[in-house]
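Thanks for coming. I'll take one structure today and go through it in three parts, starting with a single residue.

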Amino acid sequence: MDNSVIIGPNALPALAELLYRPAVSRVFVLVDSHTVRACLPLLESHLPANYCLIEIPAGEEYKSLASCEVVWNHLTEQRADRHAVLVNLGGGVVTDLGGFAAALYKRGIRFVQVPTTLLAQVDASVGGKTGIDFQGYKNQLGVFQAPAAVFIDPKFLQTLDPRQVKSGYAEVIKHWLIADADAFNTNRRLGWLTDDWTPIISESVALKQRIVADDPLEAGPRKLLNFGHTVGHALESYLLLQPGREALHGEAVAAGLVCESWLSVQRGLLSTDELDKIETFVFSVFDKLSFVLIETTAIAEFALQDKKNAGATINCTLLEGIGHGVYDQPVTVAEIAESLRYYHRLQA
């Protein structure tokens, strides 16, 4: 495990040690309207007395340039210099947006991630991807910028409702599907509930770090981590524009895992027996997302903006058997739409 990622009860004391260093001129803490109430009280005793709080509204729709302006205005008004540190306390929206805002302010100030959701703890906060949504497209603007450190305390998961915890579990399943068949086969029989998330978080973070270390800028093997996301991001983006139909990121990714596994079968890469195991596991945790057949092409067309694309080619990550992902697999809008129609027909 990279020593810049600290997991467990020692995480927040280690954060305090970093923030109290003389090289840190000022500490800013970014929260959303949920984490300011539920999570800041768990962190506050580890912060310097003169820290400055920056709050944005909670929700994917606020992962925007407007929210970045809120952050930049606070930093500017408080005369934050390049020795300031931004502490991002929240889920994937806060950690992605906070990292992006820090990377651009004065050409870059240090930031640390304190992820409070399972999704952020196993995925979003680790790996140095930052970004915001733009014109309805997920993570359309962003930079690769590594945090100074990531501090993961599983006790923050106690502040979440079960739906949010399950959302993060989709990324855990993804990690098993692309790189750990044994873990997939063990855990699909156990279910998603556990009294101690620490081992699962540690294993997921270690797996992601191994992949990112070999390919930090996503030129090759890091694309494996996008399994489920070509279709998942398209679904999430489409539903986000339909008031009252919004899906959580992990819920959309879970649907994407099924759709892209089905595409793997169509390519002769995955067996129908393996597809059945994946579907059974996914639907034991997640409800089906609801859409109508006439929407499938419109949803699929969102994939034309996917960041893994090369020109007009949609590049997807598929499975060559459970536990072995393969990246840069070209797919068409029509094939994605057909995978969505397959998903729509399933009895969850």
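A word on terms before that residue: a strand here is a DSSP run of E, at least two residues in length, and strands are numbered from the N terminus. Also, please keep in mind that this is a predicted model.

So, where is Asp328 placed? Asp328 sits in strand β10, which covers residues 325-331. Is Asp328 buried or exposed? Neither label fits, because its relative accessibility is 32% and that counts as partly exposed; the partly exposed class lies between the cut-offs of 20% and 50%. If we leave aside the neighbours within four places in sequence, Asp328 is in contact with Lys223, Asn315 and Cys316. There is also a distance to note for Asn309, which is 19 residues from Asp328 along the chain: the C-alpha atoms of the two are separated by 8.5 Å.

Next, the sheet. As general background, strands in a sheet pair through backbone hydrogen bonds, either parallel or antiparallel. In this model there is an open sheet of 6 strands, and its pairing is parallel. Reading across, the order is β1-β8-β5-β4-β2-β3. At the edges are β1, residues 5-7, and β3, residues 52-56, each of which pairs on one side only. From one strand to the next, the twist averages 20°.

At the β1 edge, the partner is β8, residues 149-152; the two run parallel and are joined by 3 bridges. Opposite Ile6 stands Phe151 of β8.

Which helices pack on this sheet? One is α1, residues 11-19, which touches β1, β2 (27-32), β4 (85-90), β5 (110-115) and β8. The direction of α1 makes about 145° with that of β8. Another is α5, residues 92-104, touching β2, β3, β4 and β5. The direction of α5 makes about 165° with that of β4.

Last, a pair of helices. How do α11 and α14 cross? Helix α11 spans residues 249-266 and α14 spans 333-345; their axes come within 9 Å and cross at roughly 115°. Angles of 65 to 115 degrees count as roughly perpendicular, so that is the label for α11 and α14. Their crossing is right-handed.

On the α11 side, the contact is made by Ala255, Val258, Cys259, Trp262 and Leu263. The α14 side contributes Glu335, Glu338, Ser339, Leu340, Tyr342 and Tyr343. By type, the residues of this contact are 8 nonpolar, 1 polar and 2 charged.

That's what I have; questions are welcome.

Note on methods
Residues are numbered from 1 along each chain as its sequence is written. This is a predicted model: local features need pLDDT of at least 70, side-chain atom pairs count only at pLDDT 80 or more; totals for chains, interfaces and linings use all residues. Side-chain values use heavy atoms; hydrogens and water are left out. Axes are lines fitted to C-alpha atoms, for helices over the stretch in contact, and angles run from 0 to 180 degrees between N-to-C directions. Helices (H or I, at least four residues) and strands (E, at least two) are DSSP runs, numbered from the N terminus. Angles under 35 degrees count as roughly parallel, over 145 as roughly antiparallel, 65 to 115 as roughly perpendicular and the rest as oblique. A crossing is left-handed if the near helix is turned anticlockwise from the far one by less than a right angle, and right-handed if clockwise. Contact means heavy atoms within 4.5 Å. Ala, Val, Leu, Ile, Met, Phe, Trp, Tyr, Cys and Pro count as nonpolar, Asp, Glu, Lys and Arg as charged, and the others, Gly among them, as polar. Two strands pair if DSSP finds at least two bridges between them. Buried means under 20% relative accessible area, exposed over 50%, partly exposed in between (1.4 Å probe, protein chains only).
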